[in-house]
Amino acid sequence: MNTTTADVSVSELAERLTRLEDVRAIEQLKYRYAGFCDNGYDPEGIATLFVEDGRWVVDGEGGSMTGHEEIKAHFRALSDKITWALHYMIAPRVELAEDGQSATGYFYLLCLCTIENSQDATKKDPVILTINYTDQFVKRDGAWYFQELRGRTHQVSNWDQGWVKQPFRD
């Protein structure tokens, strides 16, 4: 038997709408994160996206930080090392928990950036990097936050070398 819109209750429609709005809010949260990164790795802005005990864990150029103060300190230092970046968050997939209070999000990152040269900090290198994110989100007082942002780096390559010749920078 086919279900028509008339067969769906108002409460079922409201629940479906809430789930769609939650998915969209989580995607927007991730895009705000990218925007803060592209704005000089704004430490204050980035920290506001996490719950107080939230974790930021990224291998490769990253590290592991817990809580607002550690996250802010990390991004203050990162802004000296990476002087320009453009984060493309692509292919979002969000899975909401049944209770609607937590979720897991999967995103790919394609990032173009300018990073200090590993042999000479006065020089800058054009770099392309890619990361897979598996993030944990929680809803608090009607708003979504990162509980954990977790990234697995695929490659970090100087632009002139590419990922075939140089899958990871020295």
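**Close-up views of a predicted protein model**

**View 1. Overall layout of the model.** The protein contains 4 helices and 6 strands, where helices (H or I, at least four residues) and strands (E, at least two) are DSSP runs numbered from the N terminus. This is a predicted model, in which local features need pLDDT of at least 70 and side-chain atom pairs count only at pLDDT 80 or more, whereas totals for chains, interfaces and linings use all residues. Residues are numbered from 1 along each chain as its sequence is written, and side-chain values use heavy atoms, with hydrogens and water left out. Followed along the sequence, the elements come in the pattern α-α-β-β-α-β-β-β-β-α, and the C-alpha atoms fill a box of roughly 65 × 35 × 20 Å along the principal axes. Of the 170 residues in the protein, 41% are buried; buried means under 20% relative accessible area, exposed over 50%, and partly exposed in between (1.4 Å probe, protein chains only).

**View 2. A salt bridge between helix α1 and strand β5.** The structure holds 10 salt bridges, each being a side-chain nitrogen of Lys or Arg within 4 Å of a carboxyl oxygen of Asp or Glu. In one of them, the side chains of Lys30 and Asp135 meet at 2.6 Å, N to O. Because Lys30 lies in helix α1 and Asp135 in strand β5 (residues 124-140), the pair ties together parts that are 105 residues apart in sequence. Both Lys30 and Asp135 are buried.

**View 3. A salt bridge between strands β1 and β6.** Here the side chains of Arg55 and Glu148 form a salt bridge, with 3.1 Å from N to O. Arg55 belongs to strand β1 (residues 50-58) and Glu148 to strand β6 (residues 143-158), so that distant parts of the chain, 93 residues apart, are linked. Arg55 counts as partly exposed, at 28% relative accessibility, while Glu148 counts as buried, at 16%.

**View 4. A salt bridge from strand β5 to the segment after α4.** Asp125 pairs with Arg169 in a salt bridge whose closest N and O atoms are 2.9 Å apart. Since Asp125 lies in strand β5 and Arg169 in the segment after α4 (162-165), the pair ties together parts that are 44 residues apart in sequence. Asp125 is buried, with a relative accessible area of 11%, and Arg169 is buried as well, at 14%.

**View 5. A network of salt bridges.** Glu44, Glu69, Lys72 and Arg76 are linked to one another in this network.

**View 6. Cysteines without a disulfide.** A search of the whole structure finds 0 disulfides, a disulfide being a pair of cysteine sulfur atoms within 2.5 Å. Cys37 is in no disulfide, and the nearest cysteine sulfur, that of Cys111, is 8.0 Å away. Cys111 is in no disulfide either, its nearest cysteine sulfur being that of Cys113, 4.3 Å away. Cys37 counts as buried at 2% relative accessibility, and Cys111 is buried with a relative accessible area of 1%.

**View 7. A patch of negative charge on the surface.** Glu12, Glu15, Glu98 and Asp99 gather in this patch; patches are made of residues with over 30% relative accessible area and no salt bridge, like charges being joined within 9 Å and nonpolar side chains (Val, Leu, Ile, Met, Phe, Trp, Tyr) within 5 Å. Glu12 is found in helix α1 (residues 10-38), and at 41% relative accessibility Glu12 counts as partly exposed.

Methods:
Accessible areas come from the Shrake-Rupley method with a 1.4 Å probe; for residues, only the protein chains shown count as cover. Lys and Arg count as positive and Asp and Glu as negative; His and the chain ends are not counted. The place of a charge is taken as NZ of Lys, CZ of Arg, CG of Asp or CD of Glu.
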